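Biologist: I would like a close look at one part of this model. Please take me through its charged pairs.

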Amino acid sequence: MLAAEPSIRAFRRNGGASGLRAPTRTAGYQPEHIAAALEHDQLERHLAVFGWGTYIRAARRLAAVKLVQWRIGGAQAEAASYLGITQACKFAISRALNRQLASHPPDRFTTALRALARELDDAPSPVDYRRRRIALDNWSLSPREWQEILRALPRPRFERNPRLDDYARQGAMAFVWAHITQGEPRFARRPIVLSHGQTKSDRHPWPTKCNNMWFHIGAASTSHYAALRTLLIEVGDDLARKIDTSRPER
């Protein structure tokens with residue numbers, strides 16, 4: 001049945017009067033096991049061969065959306081919403097991405113996704129990424145926790161003093177969120193964006209400043225950010241363990 005699924009849709013009609021589309025896959029991995037940007041190792045094993053270049057982000061979104069869509073049915077927009085990908089973000093096949101796919105043999109992308117789906121089916125203890133996203137919905141690094149992290153950093157000797165304000169804290173939180181959920185930092189919640197005393201003009205530069213912060217952390221662009229990255233990964237790994245081992249709410 002799976003081998004006959006089309007490239008973009010993977011549905012069957014159920015027998016009910018409603019005639020709603022239902023997923024063709026009824027066993028194996030669940031939609032909560034799909035990270036919104038795919039795990040890096042999954043990308044390398046199954047999709048790196050396409051040489052995405054500047055379209056890598058869109059390709060990862062598309063792959064994740066299709067894997068969820070195969071499992072739950074419905075439209076791509078529904079699968080994207082399930083993954084926490086905002087409507088404002090273009091996750092579907094763009095013209096340029098479509099050309100990239102067309103440069104390979106027909107159905108090669110779908111074949112690669114099927115191989116990944118089989119791998120997910122066989123995974124003994126898959127991560128529940130949806131549970132992590134929900135658990136982190138209102139999570140934040142408190143000012144006290146942020147200061148503890150900063151005190152643990154080595155003092156920069158030859159580098160420009162890094163930004164250490166709330167914009168930096170939010171950028172650090174976005175990095176932790178992305179590390180735990182294997183998603184994109186831009187989709188992280190921003191629970192401190194409306195902190196007291198901020199005006200509309202104060203909030204305007206927030207996305208740019210936050211983006212700059214998580215870029216520097218992710219790239220470990222200086223020794224300061226490399227050290228900060230290490231500490232934030234430790235924070236994220238500890239938080240992920242607590243989420244994964246906690247008793248789910250009923």
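Biologist: Is Asp238 buried, partly exposed or exposed? Please start there, then go on to the other salt bridges around Glu184.

Modeller: Keep in mind that this is a predicted model. Asp238 is partly exposed, with a relative accessible area of 32%. That value falls between the cut-offs, since buried means under 20% and exposed means over 50%. Asp238 has a charged partner, Arg241. Their closest N and O atoms are 3.8 Å apart, and the two form a salt bridge. Both residues sit in helix H11, which covers residues 223–245. They are three residues apart, so about one helical turn separates them.

Why can such pairs form at all? Side chains of opposite charge can pair when their charged atoms come close.

Now turn to Glu184. Its side chain meets that of Arg57 in a salt bridge, at 3.7 Å from N to O. Arg57 lies in helix H2 (residues 56–72), while Glu184 lies in the loop between helix H8 (166–181) and helix H9 (200–203). The pair therefore ties together parts that are 127 residues apart in sequence. Arg57 is partly exposed, at 44% relative accessibility. Glu184 is buried, at 8%.

Glu184 also forms a salt bridge with Arg61, at 2.6 Å from N to O. Arg61 is in helix H2 too, so this pair links parts that are 123 residues apart in sequence. Arg61 counts as buried, at 5% relative accessibility.

The structure holds eight salt bridges. Some share partners, and these join Arg57, Arg61, Glu184 and Arg186 into one network.

Methods:
Residues are numbered from 1 along each chain as its sequence is written. This is a predicted model: local features need pLDDT of at least 70, side-chain atom pairs count only at pLDDT 80 or more; totals for chains, interfaces and linings use all residues. Side-chain values use heavy atoms; hydrogens and water are left out. A salt bridge is a side-chain nitrogen of Lys or Arg within 4 Å of a carboxyl oxygen of Asp or Glu. Helices (H or I, at least four residues) and strands (E, at least two) are DSSP runs, numbered from the N terminus. Buried means under 20% relative accessible area, exposed over 50%, partly exposed in between (1.4 Å probe, protein chains only).
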